[in-house]
Amino acid sequence: GNQQLPCDYGSTFAPTPSKRSFRLLYALAAKRGWEAHGCDVKTAFLHGKLEEEERVRVVLPKGAFGLNGEDLSEVEWEVLRSIYGLKQSPRIWHQHIAATLKKLGFFPTKSDQCVFVSRDKNGRIQMALSLHVDDLMIVGNRADVERFKAQLKKTYDLADDGETGYHLHIRIRWASDRSYVTLSQEEFVQDLLETTGMVNAR
């Protein structure tokens, strides 16, 4: 972003799950006969509020005018929300959604703080999800997943992809009997080669 020192430069965190965790969720879905649904939280960072000591002051560029024609570039503004461009915004957003998930019965795993699970009364995993900044991949039986998404929509504006075949540049292909799943980044690599003009490179 464009944030200047020394505003919390050492307190940053962009939440992303490991590739191993991502594969593990799909293996769990295949073993249990579950579905995997993807969704995206719109304007996620704006849900986070900056603590007083984290707030920064900004000056708008020349030519910024209010509705009544006043010159807003002469006013110093205090930022109250974790807007895009602040280095601490990903960390604050992660704290916000982690608190929301806790209220809905989801807790982070010890091995990966971006993987959350909910358990039934016997301690068995009932649903699981991975959180990649503002992208969620939820695995569970359809009824549970749909119920959970409806609860989540009470707090966030979600772009619901449903059971997706493509997530975070990964192509997802299920076997006809859903007994196993194949993950591939072939399309992403091909796009990357075309973008960089290296399709014919050896």
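Student: Which side chains meet in a salt bridge at 3.6 Å, N to O?

Tutor: The side chains of Lys149 and Glu146 do so. A salt bridge is a side-chain nitrogen of Lys or Arg within 4 Å of a carboxyl oxygen of Asp or Glu. This is a predicted model, in which local features need pLDDT of at least 70 and side-chain atom pairs count only at pLDDT 80 or more, while totals for chains, interfaces and linings use all residues. Residues are numbered from 1 along each chain as its sequence is written, and side-chain values use heavy atoms, with hydrogens and water left out.

Student: Why can such side chains pair?

Tutor: Side chains of opposite charge can pair when their charged atoms come close. Here, Lys149 and Glu146 are three residues apart in helix H3 and therefore separated by about one helical turn. Helices (H or I, at least four residues) and strands (E, at least two) are DSSP runs, numbered from the N terminus.

Student: Is Lys149 buried or exposed?

Tutor: Buried means under 20% relative accessible area, exposed over 50%, and partly exposed in between (1.4 Å probe, protein chains only). Lys149 has 1% relative accessibility and counts as buried, whereas Glu146, at 37%, counts as partly exposed. Both residues belong to a network of salt bridges that also links Lys153 and Asp160.

Student: How many salt bridges does the structure hold?

Tutor: There are eight. One of them joins Glu35 to Arg142, with the closest N and O atoms 2.8 Å apart. Glu35 lies in strand E1 and Arg142 in helix H3, so this pair ties together parts that are 107 residues apart in sequence. Glu35 counts as buried, at 13% relative accessibility.

Student: What is the strand order of the open sheet?

Tutor: Two strands pair if DSSP finds at least two bridges between them. The six strands follow the order E4-E5-E6-E7-E1-E8, with antiparallel pairing. Strands E4 (107-108) and E8 (158-163) stand at the edges; each has a single partner strand, so one side of each lacks a neighbour in the sheet. Two bridges join E4 to the antiparallel strand E5 (residues 115-119), and Phe107 has Val117 in E5 as its bridge partner.

Student: Which strands does helix H3 touch?

Tutor: Contact means heavy atoms within 4.5 Å. Helix H3 (residues 142-152) packs on the sheet and touches strands E1 (35-41), E6 (125-132), E7 (135-140) and E8.

Key
Axes fitted to C-alpha atoms, helices over the stretch in contact; angles between N-to-C directions.
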